[in-house]
Amino acid sequence: MEDIEKIPQELQLKPKCLIYLTGLDIDNNHSHASVWKSFSQNRRSDRAPLKFRNVPVDHQYPKTNSKPSHYEWYLPKGLIKRKWMRKHLDELPAVVAIFFDLEWDEKQWQEKLTECVQRVETVRSNLQSRDSKVVVVLLQKRVPVPVADDINATERAQDLCSRCQLPVKHLFVLQLTGFMFGCITRLETEMHDMASNYYHNAAKRVKSHRTNLNKANHQLLFVRHEFKIAFFDELKQDQNLALKHYRQAYNNLLELRVHDLHILEVKVIAGFINYKICRLFFQLQASESIAQFRRHIEFFTNLVGMPELAFEHEAWLSKQFEVFGELFDDATRLSVNPLLTQHPGLYYQEAARHTEARRRLALTLCQPEDSASAEPGDLAPTSLPIPDRLGKQSTSPGSVVRVSPAPQPPAPLPADSLTTTTEFYGQRPWRRPGHNLDVTDPAQERKGIRFAQANEAAVVHSNLIIPLLACACRYFERYKACRMKLYPAFAIAEEYLRKEDYENALSQYSKVIEEFRSGDWSLLFTSVCSRLFECSWKVGNHVLSVSSALELLGPHSTLNEIEKLHIQELIFQDVDLLQVDWNLERQDASSTETTPKCLTVDATHLRSCIDVRAEFLRPSFAIDEPVHLLIYMKSFAPLPLTVHSVTVSLIHKLSSSSASLVRESEDVPGAPIDGSHSVYTTRCEWPVPLQLLSSDCLKAICFDLDPQMLASTVQVESLEVILLTRTPGGERQKCTVTWSMLLLAPHTPEAMTSPTLTDRSCKYTARVADFKSELAKLCIDPPLAEKSLDFLPKWEHLANRTVASINPRDSKLELNLRHCPPVLCNEEYAVLCCVQNTESSEISSLLLTANLLERSTEKAAESLAGQESQATNADQGGFVVLGQYRAQLLQKSGALTTAGASSLSEVQVCATLAPESEFVCPLFLRCPSPGDRILRVDASYSLRIPVQPPQATLFTCSYHKRADGTNGCFVESSPLSQKPKVALSIIAKCTQSKRVQLTVLPPFDFSWRILSLQHSLITTIIPEKPFVLEACIRNASPWNIEIAYAKPALGPGVDFLDGRSDPQLTNICLQSSEVATGVQVLIVLDNSANTDFVSLGHYVIRWRRLRSHLSQDPSFPESSFSQTDLKPLSCPLTDLSFNVELQMPAQALMHTPLPLKYTLENKTSFLQELTVSMEPVPGFMFCGRQLVSTRLLPNSSQQLDFTLLPLRAGYLELPRFSVRSGDRSLGDPLLDPTAAADLARTSAKDRMLRQLRSHIFVLPLRQVTLTDN
C-alpha cells in the first residue's frame, strides 16, 4: 500500500543534470564558500538547469552492477527498481568538477601539480568504470592574462592536462575577482553540454540492449528500457523526446500479460508513467493531458486484482485522481486556464469518491473471522437523541441516520518479513521477486493478505477524504459553481460525523442547510436537518437543537409521524402550561435574585412547524379610527404546542413634520432607536398562555393599538413566541422564537402600495377580507359563546402586511376662496378666505397658511417642506401675505425678502372657533410676471376627539360539527382581561386645504418709436440733436384701469429738450383695449462714452384696477395703486463728424426768391474737405452754384447761402442737399491713431440721413385786378 498511497519524491521532482563539485573547503576558506554560493544560490530560470552537490575528494560513488552478457535466458524480476531514479538524480553525477587553487606563476609548481594529479586519480578510482565526465577548475586570484600571450601559462596548462590525462577542453580557470559570476555562468554552460552528452550516451547504451530482447520473455525489459531512455532524455531537458519514450513505455506496459498476482506492480508503474506523461503534456499541450488521463483510467478501472485486496484498487484510483488534480492545480498557476466543466476540483471530488468506495470494501473485507457471519442488524447502534424504535434502521426518506460503529479490525500479525521493502516498485514483500503465475507458499500468502487487511482496517479513511473534499470545495467556490459545492460540503460534514467530531460536523452542516432550506429539496433538507439536530444535541448547542427540531416538525420535513412525535417529546415540554398560575410564577421569578437564562431562536428563515403572519387590517388608518393588527399563528406539529406568551415589536415615527396628533404630555412611549428622537419602538404583548393545535385552522390575536403610540408610519419589527423546552440535561428552559418581519416583509415603497391577496378583486378574496373585518368587529365586542362563520380562509391565502400609514383625521371645516380674476402683473390682488366651523365641537389654534406657486413647479414644491418650497419659487411666482401684513406687501420693493414674505404668509388668526361660526380673512398677493399660478391655502387647527382604549382578543378558528351534524366554521374569542374601560380622547391636528388656479396677465401692451422733429420715423439718434419719443399704452386687461401718471424715467445722458417733463398721461381712465399715447421731445447731450447704443431709460406707470359698482363686493378692500416699470428703452447712437443746420422761412411765395442758409460745423479735431451739392427739382429754379467744395478747419463752422425761386404753389419738395466728405484729410493715421479712428467713423456715418427740412409750403401770389380810374 505504500507504493499506492505515495508518489516517490524523485518522481515528482523536475529532473536536472547532476554536477558534483569537489575540492571546495566551504567551512574554512572564504573564497571557496563564495564560489559554492555562486553555484548553488539564486538559481534563476535564465541559468542552466543544473543540480550541484559539494562532496569531498574521497567521496564513494555507487558501484557498477554486473550486467548479463546476453539476454537469451535472462528473466527480469520486476519493472523498475526503487533506487534507480534516486541514483541518477542524487548519487551518480554526470560531471565531477575538481576545484584546485593554482596560479600559473606558482613557485612550487611541481608540488602543486602532483597534489592536483592525486586528486584527479582519487576521483577516477572512486568512479571506477562510470562514464562521468571529470573536469579540473583552477582557482586563481590574480588578474587574468590571456593564455595565448603567456608562454609559461600555455606550457604549464599542457603539462597539467598530460599529467592528469585530461583533454584540454576539460581544464578551466576561474578568476576569483569581480568577474567571477560571468566566469561561473560560462562554466555552467560548458558543464551542461557535457552532462547532456553524458545522458545522451547513457540513453544510447540502453537502446543497444534492445536488440537482444524478445517479446516472449522480455516484455518487462521493453517497459524498463523505454522508461530509462525517457528519464535520461528528461535529464538533458529534451521534453518532446522524453514524452515520446514515456508514451512508448506506457504502450508497452499495456501490452503485458497481467495476472492478478502481479496486477499491483503493473498499476503502480502505469501510474508513475502516466504521471510523467501528464506532467509533460501540461507543459506542452494541456488538452492532451486530460485525454491521456481519461484513457489511463478507462483501461485500469476494471482491473481490480485479488478480490481479498479489492480495496487496494480503489485506493490506487483515488491516488490517480488526486495526483492528476495536483498536476492540474500546478498548471493553473502557470498558463492553463481551466473551465467550469474542467478544473482540479472535479478530480479531487472523484478521488474522495474512490476513497469512500475503498472504505466500504474495507468494512466488508477487513472483518475479524469470528464476526464475518454476523448480520448487519446485530450491530448495536450508537445512542442518538431520537430513541430507536425496535433497534432497526429507519428506512423512510430523509429519516435520521444512525451511524453504526465500524467493525473491529483483525489483530495485526507479526511484521517479520511482511514489512520489508522490496527491490522493485509495486511488489508484495511476502512473495518472491518475479512474475510467477503460481503461489509458492499458500500459508505465507494468506498471512500476507491478512496483514494487508489488518493495516487497512487501522486506516482512518475520513482523514483522507476530508482534505480531498476541501480542495474540491475550494475550486467549486473559485469557479462560481455554488450548487456543485453543496455535495462535497455535505460529504465533509458526514465524515466529521463519522469521526464523531460533532463541532466540525455542525459547522459544515450549517454551511449547506440554507441552500437546501431555500430550494425545493425536501429529502435533502430533512436529512441535513436531522444531522444538525443530532450534532447540536451531542455538543450541547441547545439553540440549534431547538431550531432544527422546529424544522423537523414542520410541513417540509419528510419524517414520519412516529419520528416527529419522539422529537417533540424529547425537546418540548409536555407539561400543560394552561394549568399553571402564571401570576404566581412571575412573582416568584421577580422575587428570586437569579432568573434562568432564556434562549433565543431566530426563525425568520427557518421552515418551522410554527408559522406566523402579521397583517394590518388596512394599508392606512385615520387618527380617530381603531388600528387593528392581526397576528395569525398555525402549528404543524403532531402534538399541541403550548405558547407562554406572544410579543409584537413595532417601529413608529414621531417627527414634527409628519406627526398626526398633539400629545397632552411630554412623555413619549417606547424607546428611541440609535439615540434618534424621531424613531421609537413599542411592544404589544399577549401574556396569557395558549395552545397551538394542528387541528385548528388558525389562531389569530387582534391588537387594537394605542393611538398615543402612533405617528405617520407604523411597521411591525418582529414577532416573539416563548416556548418551554427541555435541555440535554433534562432541565426546563424558556426559549424565545423570533421572526424578523423587516426581513420577511421589508419596508419599501412597493410594500406600501403593492396589493396583497385581499386587495385584489375577486369573489374569494372578498370573502377573505370579510373574514378579517368580522374578526375586527369581534375584537371590539367579543361574543360570550362560540360563533359560527360562513367562511374560513386557507393558511396560504393569509399574507403579511407589516406597514400601515396613520393619516390625519379628515377635516370637516369649510374653506372658500373668493376673488375677481384674472390677476394683473404687479397688482395687489385681494382674495377673501372664508372659514366656517362645521365640526361637532369647538376648534382651537386656527392657523392659516398661504402658498403661491407656479403651476409647472407645483409637484416639485409639494415635495418640499414649508418655507423651503416658498423660498424656491417666491421670486418667480410672487408673494402672498395675510391681511394684517398688507402694509409690508405695499413696501415690498426691494425691502421684503423671500424669508420675510414666507413668515408673513402664516399666522394664527383665532384661538377658538365655535361650531357653525364663520371667520373671514383677506389675502393679498402680488405676481411680478405673467403665467399660471396655484394659490394654496391651508387651515390647520386642533380638535379633541374620542378614541377606543387599547385591547387584545384571541380567536381560535376551527372546523367541527354543528348541532345538525354538518361540518361548519366556528370562531371562539377570548378577550384579554384588563381594567374597566375608560373613555379616552386625544387632541388631533386637522388640516383643510383649498387650491385655486390663477391666471396672471400683463395689464398693458406697451410700444414706442423714435421720430424726428418733422415726425418722420428714424432709427438712429445723433447726439445734441433733438428727437421725439412716442409711447403707446394699451389696456390689455378686461377691467377698466385708472392711470395716475405715466412718464419716462430717463437714463444717464438723456434729458428733456426744455429741461422738464411735459405731463400728458395723468389721471386718465382707460377702458379695455383703449390706447393712450404720449410724446416727449428728448435730446442726447453727448457721447463721451463713445458707445453705439444709448439707454433712454424706462417707462413708469402708476395705476389701479377699477371694478364696477354692481359687481363690487362690499367686503372686498378697495384697490390700491400699483407701479409698473415697463421694459427699458434703447436706440442706436451715431456720432457724426460734422453738423448741418438749415435756416429758412416757414413758408414761401410763388415767384418770390426764397433764401436758404446752410451752416456746416466741423466737430472733429482735424481738417475736413467737404463737397456740397444741390440736386435740382421741378418746382424750384436754382440761383447760384450747385456744386461747392469747401474746407472746414477743426472745430469751426461755415455758412452757405442759396436762393431758390418757387415756380408753383403747393407743398413742394426742396432741392436735396447732400454733403460728401473728402477721401483725405490733413491728419496722418500713421502718426495719429485717434485721427485715423475718427476718419474711419466719419466715412462710415457721413452717408446717414440728417434731420433737415425737406418740404415747404409755397403760397400763390395775390391776383391784382387793373381798372381804369
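## A lysine tucked inside

Let's start with one side chain: Lys 564 reaches out to the backbone oxygen of Gly 554, at 3.3 Å. Keep in mind that this is a predicted model. Lys 564 belongs to helix α20, which covers residues 561-571.

Is Lys 564 buried or exposed? Lys 564 is buried, and yet it has no salt bridge. The nearest side chain of opposite charge belongs to Glu 561, 4.8 Å away. A salt bridge here needs a side-chain nitrogen within 4 Å of a carboxyl oxygen, so a gap of 4.8 Å does not make the cut. Who else does Lys 564 touch, and which residues are they? If you skip its neighbours within four places in sequence, Lys 564 is in contact with Leu 552, Leu 553, Gly 554, Ser 557, Leu 559 and Pro 638.

## Charges that do pair up

Side chains of opposite charge can pair when their charged atoms come close. How many salt bridges does this model have? The count comes to 37 salt bridges.

Take Glu 312 and Arg 428, a salt bridge whose closest N and O atoms are 2.8 Å apart. This pair links distant parts of the chain: Glu 312 is in helix α12, Arg 428 is in the loop between α13 and α14, and the two positions lie 116 residues apart in sequence terms. Both Glu 312 and Arg 428 are buried.

Asp 329 and Arg 333 make another salt bridge, with their closest N and O atoms 3.1 Å apart. Asp 329 has a relative accessible area of 7%, so it counts as buried. Arg 333 has 57% relative accessibility, so it counts as exposed. Then there is the salt bridge between Glu 477 and Lys 485, at 3.5 Å from N to O. Lys 485 is partly exposed, with a relative accessible area of 28%. Some salt bridges also share partners: Glu 5, Arg 358 and Glu 456 are joined into one network that way.

## Rings meeting rings

Now for the aromatic side chains, which form 33 aromatic pairs. One of these is Phe 293 with Phe 321, an edge-to-face pair with 5.2 Å between centres and 80° between planes. Phe 293 sits in helix α11 (residues 286-300) and Phe 321 in helix α12 (residues 310-332), so this pair ties together parts that are 28 residues apart in sequence. Both rings' residues are tucked away: Phe 293 is buried at 2% relative accessible area, and Phe 321 is buried at 9%.

Why is the pair of Tyr 348 and Tyr 475 stacked? Their ring centres are 6.2 Å apart and their planes are at 25°, so the pair counts as stacked. Tyr 348 comes from helix α13 (residues 344-365) and Tyr 475 from helix α15 (residues 461-478), which puts the partners 127 residues apart along the chain. Tyr 348 is buried, with a relative accessible area of 5%, and Tyr 475 is buried too, with a value of 0%.

Rings can also be linked into a bigger group. Ring pairs join Trp 84, Tyr 198, Tyr 199, Phe 227, Phe 231, Phe 232 and Tyr 246 into a cluster.

## Charges over rings

Tyr 475 turns up again here, with Arg 478 lying over its face at 4.6 Å from the ring centre. Lys 634 does something along those lines with Phe 636: the charged end of Lys 634 sits over the ring, 5.6 Å from its centre.

How values were computed. Residues are numbered from 1 along each chain as its sequence is written. This is a predicted model: local features need pLDDT of at least 70, side-chain atom pairs count only at pLDDT 80 or more; totals for chains, interfaces and linings use all residues. Side-chain values use heavy atoms; hydrogens and water are left out. Rings of Phe, Tyr and Trp (its six-membered ring) pair if their centres lie within 6.5 Å; planes under 30 degrees apart count as stacked, over 60 as edge-to-face and the rest as tilted. Helices (H or I, at least four residues) and strands (E, at least two) are DSSP runs, numbered from the N terminus. Buried means under 20% relative accessible area, exposed over 50%, partly exposed in between (1.4 Å probe, protein chains only). A charge sits over a ring if NZ of Lys or CZ of Arg is within 6 Å of the ring centre and within 35 degrees of the ring normal. Lys and Arg count as positive and Asp and Glu as negative; His and the chain ends are not counted. A polar contact is a pair of N or O atoms within 3.5 Å; within protein, one must be able to donate a hydrogen and the other to accept it, and residues adjacent in sequence count only if both atoms are side-chain atoms. Contact means heavy atoms within 4.5 Å.
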